Amino acid sequence: MRLSQINQYRIEHRLGAGSQGTVYQATDTKLMRSVVLKIVRKDRASDPDIRNKILQEARLASAIQHPNVCAIYEAGEHDNRPYIVMQYVPGQTLQKLLAAGALNVHFSLSIGIQIASGLADAHRLKILHRDLKPANIMITDGGLVKILDFGLAKRRTVTAGSDVANAGERSTSDAQSSRFGTTAYMAPEQFVTRRSSEQSDIYALGVMLYEMLTGQHPFWVPNANLERLVHAIQFSQPVAPRRIRPDIPEELESVILKAIDKQPANRFTSASELGEALKTLMKTMDFELGVIPGESSAVLPSPAPDTKRRAGPFSLLVERFLPKGIEGIPENAIAVLPFQNLGTDDQPRYYGLALADMVATRLAGMSSVIVRPPSAFLSLAGTTTDAIDAARQLKARYGLSGSFVRSDAGFTINWQLSNVADKAVLSGGTVSVPSLDLVRIQGEILDEVVAALHNIGIVQQKRPQAAAAAVPEHLSEEYLKGRAVLTRFLWSSSQREDLEQAMRAFESVIDGAPDFAAAHVGLGIAHLHSVINGFGGLTHFMSAQRHLENALAIDPDHAEARLNRAYTFLWRGEKENARLDIQYLLKHAGNDGEVLFGAGVIVQLDGLLEESLRLFGMALQANPAGATRVYNRRARIYHYMGQLDLAWHEVEKGLTLEANHLLLRTTQGYLLFREGQYDKAIDVLSRVIADDPGRRLTYPTLAMCYVVTQQPEKAAALITDELLAAAAADCEMAYRLGTYCVVDGNISEALHWLRRAIYLGNENYPWLSRNPVWKDAHGNAEFDRMLAELKGTYRKNQGRWKKFLGALWTS
């Protein structure tokens, strides 16, 4: 009979089973949290050795209170069957990550440091793990490492005469371990002594470090079987990691080879010593664990419209920012409206938006056209709003609208291009295909639309026909669904379920059509926004990077893929590559609102504040739907320039449009802090965190407020391991955390985070040199040296950007 409930634990589903017991994911109905429950099999429950082992595991593991060790909550019995309740750790095992190949150096270092830290705490309590392997290392979406399964753990003073011989047999699940399970991570001496030690745990960690950096086991041999592997571990010398991967630093290679030395006495004397060696390397290389690429608001679109808005957004924008009258509207501005569903089938509300978005995305890649994207008309999707009136709201010269219907005969899309001024239809057409083939539909619509634009003089030459393989109907529909829910997430819902549904749809499309670039772009963006919104971590970011690169390999001109890739370069510390991508996009898709916004972000980080203000203004003109993002950015720039009255003006404009915009409210809280209104700042920032606990950018600012109001305990509680992990990859988070450290009086830690912020691309010398909160750091030799070096970098960036933008804006 299937288990459904054990005391207060409701069984959700089975995670795995072994020779001794079964592991379930369950819900603690008292505390309402997910847990893992391991219970002994009925036929083994009477075995006193098994019962004792469960209790021993609970006692030993529960003694280790460390953030990198999976916590034990309870041990008990149900129907005379011993069970143990453990912390549920969402994420992926290291084994799963390694299945895709080697990891990057800083990610590997971070994982190694965290494993060493957890091991050191266990060893301090004289507890050995004895079963370290990638299957027992879980990495959360926030980048936190958890050591799992202390089922083989024993006190160091206990002799383990038979643990090695039976290690593989006692593994939780052969399917979740490497090919030879525990054996592949056993130290050479264990095959002789049959004993575990601190050095054997260190050896296992060294093997995992080798695998993370090279993608292969140090003693792997062709056509390996268990006997050959054991012989290689005992007698062969490993291939030097740098022979496999030359970019590995020599010092790191030395650390790994020392950890897996044949002689235990030649290894590190403790896990703590190994961890310190890795930390020293990380600091020397200026690498840290990371979660978020660049600034967390960099590609974050506006949240859902607030129902309590005091005025309509389009009327406010027209009054405050957009050109007055038809005379000020660009001749080449085109508004692309969501396509209307004329059929009887119940398509999703955003289905037509996704169709139009495909066309708008490719039109935006043409430098001669300014596209008002269909996302700007989200509130009109699924309605019969007049296309010309809708286009007029955003001051476009032309409106592109369409409709679609599916029937037994196939799939038909009708489109028309209208002139807003005289309400005349300039051109139109019908695309009929026997099935929903997105590649063909997009190609045919673009050819006809571009031809119409060419005839009225907007486009100088017709778009060349691009040859592309057809995408089957069921995959085309799956892509549209994915793009629809992704668009809904970006511009309306902000719900995690939408993001996960989009990922599943794009993954399904890629499985069947691996060369469909648009699906790779969609999946890359979904993974990236999973990180940005605090739902995911490094694993999502690595997936984003991979799929965006795949998209560009298939379609090098895909502006959306290149723009999002620029943000990934920031996370990798490759600021110059991010600049090159943005400059390429400004040349070839300089009318696209998202490109202009991304350029504003990069230029702001380089300290060219006036130029970034201009770019954000251009981004707002190109896509007024992103107004709140722009107002938030401009408020921060005016604040950097010391013009707090203008900063407040931008915040007020944004909050008029969206009273609950979390980034604007965070900026509002910081401005209150700057003005000394600490109690008001605490109220604003606390409400932001209450509304969205994942909004990590808000935490350091609130912590500063608590420090200056003599509430240090509340401040310290906000600086969590997850926050530190986030700050290590987000230049804005790193700088805000450093600023908190300054306020808290910890200058050395503040300088560490300042270095990190600069490495990740924050080279905004004008602000970093005059931020009043950092006044106590001036005169510090290291701080002054960093500013001097940054000043030189800023002048170089300033000269290059002024030359590039000057040529671009005068061309």
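Buried here means under 20% relative accessible area. Keep that cut-off in mind for the close-ups below, which come from a predicted model.

**View 1. Strand E6 and its two neighbours.** By that cut-off, strand E6 (residues 81–87) is mostly covered, with seven of its seven residues buried. Strand E4 (residues 33–40) runs antiparallel to E6 and is joined to it by five bridges. One pair to pick out here is Ile39, whose bridge partner in E6 is Tyr83. Strand E5 (residues 72–78) also runs antiparallel to E6, this time with six bridges. Look for Ile72, which has Met86 of E6 as its bridge partner. As for the turn, the hairpin of E5 and E6 has two residues between the strands, and Asp79 takes a positive phi near 55° there.

**View 2. A three-strand open sheet with a helix on it.** The strands come in the order E7-E9-E10, and the pairing is antiparallel. Strand E7 (92–93) and strand E10 (145–147) are the edge strands, each pairing on one side only. Between E7 and strand E9 (residues 137–139), which run antiparallel, there are two bridges. Zoom in on Gln92 and you'll find Ile139 of E9 opposite. Helix H3 (residues 105–124) packs on this sheet and touches E9 and E10; the direction of H3 makes about 40° with that of E10.

**View 3. Helix H20 and what covers it.** Does the length add up? What span should the 14 residues of helix H20 (residues 575–588) have at 1.5 Å a residue? The expected span is 20 Å, and the end C-alpha atoms of H20 are 20 Å apart, which agrees. Several residues of H20 are buried, among them Lys575, Ala578, Arg579 and Asp581. Further along H20, Ile582, Gln583, Leu585 and Leu586 are buried too. An α-helix has 3.6 residues a turn, so residues three or four places apart point the same way. The cover over the buried residues of H20 includes helix H19 (559–571), helix H21 (593–605) and helix H33 (781–810).

**View 4. Helices H30 and H31 side by side.** Helix H30 (residues 731–743) packs against helix H31 (residues 747–759) at an angle of about 165°, and their axes are 8 Å apart. Angles over 145 degrees count as roughly antiparallel, so H30 is roughly antiparallel to H31. The two helices, H30 and H31, make a left-handed crossing. On the H30 side, the contact residues are Cys731, Ala734, Tyr735, Leu737, Gly738, Cys741 and Val742. They meet Glu749, Ala750, Trp753, Leu754, Arg756 and Ala757 in H31.

Terms used: Residues are numbered from 1 along each chain as its sequence is written. This is a predicted model: local features need pLDDT of at least 70, side-chain atom pairs count only at pLDDT 80 or more; totals for chains, interfaces and linings use all residues. Side-chain values use heavy atoms; hydrogens and water are left out. Helices (H or I, at least four residues) and strands (E, at least two) are DSSP runs, numbered from the N terminus. The expected span of a helix is 1.5 Å times one less than its number of residues. Buried means under 20% relative accessible area, exposed over 50%, partly exposed in between (1.4 Å probe, protein chains only). Contact means heavy atoms within 4.5 Å. Two strands pair if DSSP finds at least two bridges between them. Axes are lines fitted to C-alpha atoms, for helices over the stretch in contact, and angles run from 0 to 180 degrees between N-to-C directions. Angles under 35 degrees count as roughly parallel, over 145 as roughly antiparallel, 65 to 115 as roughly perpendicular and the rest as oblique. A crossing is left-handed if the near helix is turned anticlockwise from the far one by less than a right angle, and right-handed if clockwise.
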